[in-house]
Amino acid sequence: MKMYRADVTILPKDGVLDIQGKAVEKTLSSQGYDAVKEARVGKFIRLALEAEDNSDAGAKVRAMTEDLLVNDLVESYTFTLETCQ
Amino acid sequence: MRSAIVVFPGSNCDRDVEKALLYMETGPVDMVWHDELDFPEKPDLVILPGGFSYGDYLRSGALAAKSRIMGVVRSHADSGGLVLGICNGFQILTESGILPGALLPNATLRFVCRPSYLRVERNDTPFTCSFPEGEIVQFPIAHHEGLYFLPPDDLEELEKNRRVIFRYADPESGEAGEDYSPNGSLHGIAGIINERGNVLGLMPHPERATVRGLIWGMDGRNVWHSLGEHFNVWEGR
């Protein structure tokens with residue numbers, strides 16, 4: 001077994017009202033940051049987990065994320081994996 | 001009618017619901033800790049009360065939806081038993097997939113705590129049979145995540161099947177809908193029922209409008225009255 005670090009990024013799906021993102025975007029614009037066209041506010045979750053190999057770790061992260069970490073009606077996710085000590 | 005009220009860590013309306021049921025004399029009430037595997041006695045009605053289970057961590061209701069007791073709550077619902085989720089209880093029902101949709105942060109991004117006016121859209125359910133249809137009632141709300149969301153096609157289906165039971169309304173004109181949502185809820189939805197008609201989730205708190213002498217009025221009594229009538233609690237009295 002090896003130790004892995006998974007960084008899971010969760011964002012509201014397109015088409016789902018992201019009130020926090022809108023508020024951040026509006027405030028950035030009002031501060032003169034005209035370059036900003038959109039802000040989306042989500043979550044970042046770091047997991048340390050044991051797995052046989054990369055594909056086992058990926059499967060475990062996907063299972064955990066879809067079971068609990070995201071509500072797939074309103075959120076989507078991506079993740080990265082790294083081995084760690 | 002035997003009621004079971006599930007108590008999660010962070011529930012804060014469990015005692016209010018208990019008081020309301022005892023006040024209405026609907027029958028025995030069991031308080032059931034979320035970590036139990038079963039109810040002490042088979043209930044007729046299961047209530048998931050309001051509050052902030054697990055501090056609303058991750059998403060409101062998401063962690064409570066994985067509690068051990070939810071196994072029997074689900075099988076109770078699957079076998080046609082009545083389940084009522086109020087506020088955080090509604091969020092737990094959507095997070096567990098027992099009811100469709102999701103409750104998102106209020107459009108104002110503020111916690112709202114105030115009276116809310118609702119139109120009773122249907123009175124042919126066990127939860128609403130004592131209300132005149134279309135009646136405007138007042139139950140208070142107190143939440144930060146109360147914006148009911150469902151993708152457009154599913155929302156249309158929900159409306160077509162008349163599964164919206166309570167809708168935010170204007171007390172003067174009696175009109176109801178999104179314009180009267182205190183939280184941006186789509187179509188002004190405050191409460192919905194499942195397809196089979198035995199699971200109701202709503203954001204407003206009928207238990208806070210039940211006991212005489214409180215400032216919130218007593219419109220909530222008819223929810224408990226409906227349930228009591230459904231189970232013939234007061235027959236022969």
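# Reading contacts, burial and sheets in a two-chain model

Colleague: If neighbours within four places in sequence are left aside, which residues is Leu28(A) in contact with?

Modeller: With those sequence neighbours excluded, Leu28(A) is in contact with Tyr33(A), Val36(A) and Ala39(A). Please keep in mind throughout that this is a predicted model. Leu28(A) belongs to helix α1 of chain A, and for separation along the chain as against separation in space, one may take Leu28(A) and Leu47(A), which are 19 residues apart in sequence and 31 Å apart from C-alpha to C-alpha.

Colleague: Is Leu28(A) buried, partly exposed or exposed, and why?

Modeller: The idea is to count the other C-beta atoms within 10 Å, where 20 or more means buried and 12 or fewer means exposed. Leu28(A) has 14 such atoms, and therefore counts as partly exposed.

Colleague: How should I read the build of chain A as a whole, and why is it called more spread out than a compact globule?

Modeller: I would begin with the order of elements, which from the N terminus on is β-α-β-α-β, so that chain A holds two helices and three strands. Its radius of gyration is 16 Å, well over the 12 Å that the globule rule gives for 85 residues, and chain A is therefore more spread out than a compact globule. Taken along the principal axes, the box filled by its C-alpha atoms is roughly 50 × 30 × 15 Å, and buried residues make up 11% of the 85 residues.

Colleague: And how many bridges join strand β1 of chain A to β3(A)?

Modeller: Strand β1 (residues 2–12) and β3(A) run antiparallel and are joined by 10 bridges, and within this pairing Val8(A) has Phe79(A) as its bridge partner in β3(A). Strand β3 of chain A, which takes in residues 75–84, is hardly covered, since the count of buried residues among its 10 residues is zero.

Colleague: Turning to the interface, which element gives the most to the side of chain A that touches chain B?

Modeller: An interface can be read by its extent, its elements and its chemistry. Nine residues of chain A are in contact with 10 residues of chain B, and helix α1 (residues 19–30) of chain A gives the most to the chain A side, with three residues. By class, that side has seven nonpolar and two polar residues, and no charged ones.

Colleague: What should I take from chain B, and why is it described as compact?

Modeller: Chain B has five helices and 11 strands. Its radius of gyration, 16 Å, is close to the 18 Å that the globule rule gives for 237 residues, so chain B is as compact as a globular protein of that length. The C-alpha trace spans about 45 × 45 × 35 Å along the principal axes, and buried residues make up 54% of the 237 residues.

Colleague: In what order do the nine strands of the open sheet in chain B lie?

Modeller: Reading across the sheet, the order is β2-β1-β3-β4-β11-β10-β9-β6-β7, with mixed pairing. The edge strands, each of which pairs on one side only, are β2 (29–33) and β7 (136–143) of chain B. Direction ignored, neighbouring strands are turned by 20° against each other on average. In the interior of that order, β3 (residues 45–48) and β4 (residues 82–86) of chain B pair in the parallel sense over four bridges, with Leu84(B) in β4(B) as the bridge partner of Ile47(B). Helix α2 (residues 70–78) of chain B packs on this sheet, touching β1, β3, β4 and β11 of chain B, and its direction makes about 125° with that of β4(B).

Colleague: Which residues touch the most other members of the largest nonpolar core?

Modeller: Of its 72 residues, those are Val6(B), Val73(B), Leu84(B), Leu118(B) and Val199(B). Not counting residues up to four places away in sequence, Val73(B) touches Val6(B), Val46(B) and Val83(B).

Colleague: What is notable about the phi of Cys87(B), and is Cys87(B) buried or exposed?

Modeller: Most residues other than glycine have a negative phi. The phi of Cys87(B) is near 55°, a positive value in a residue other than glycine; Cys87(B) lies in the loop between β4 and α3 of chain B, and is buried, with 29 other C-beta atoms within 10 Å. Glu25(B), in the loop between α1 and β2 of chain B, likewise has a positive phi near 55°, but with 11 C-beta neighbours inside 10 Å it counts as exposed.

Terms used:
Residues numbered from 1 in each chain as written. Chains lettered and ligands numbered in written order. Predicted model: local features only at pLDDT ≥ 70, side-chain atom pairs only at ≥ 80, totals over all residues. Pairing = 2+ DSSP bridges. Axes fitted to C-alpha atoms, helices over the stretch in contact; angles between N-to-C directions. Contact = placed C-beta atoms within 7 Å. Rg over C-alpha atoms; globule rule 2.2 N^0.38 Å. Nonpolar A, V, L, I, M, F, W, Y, C, P; charged D, E, K, R; others polar. Core = buried A, V, L, I, M, F, W, Y, C linked by C-beta atoms within 7 Å.
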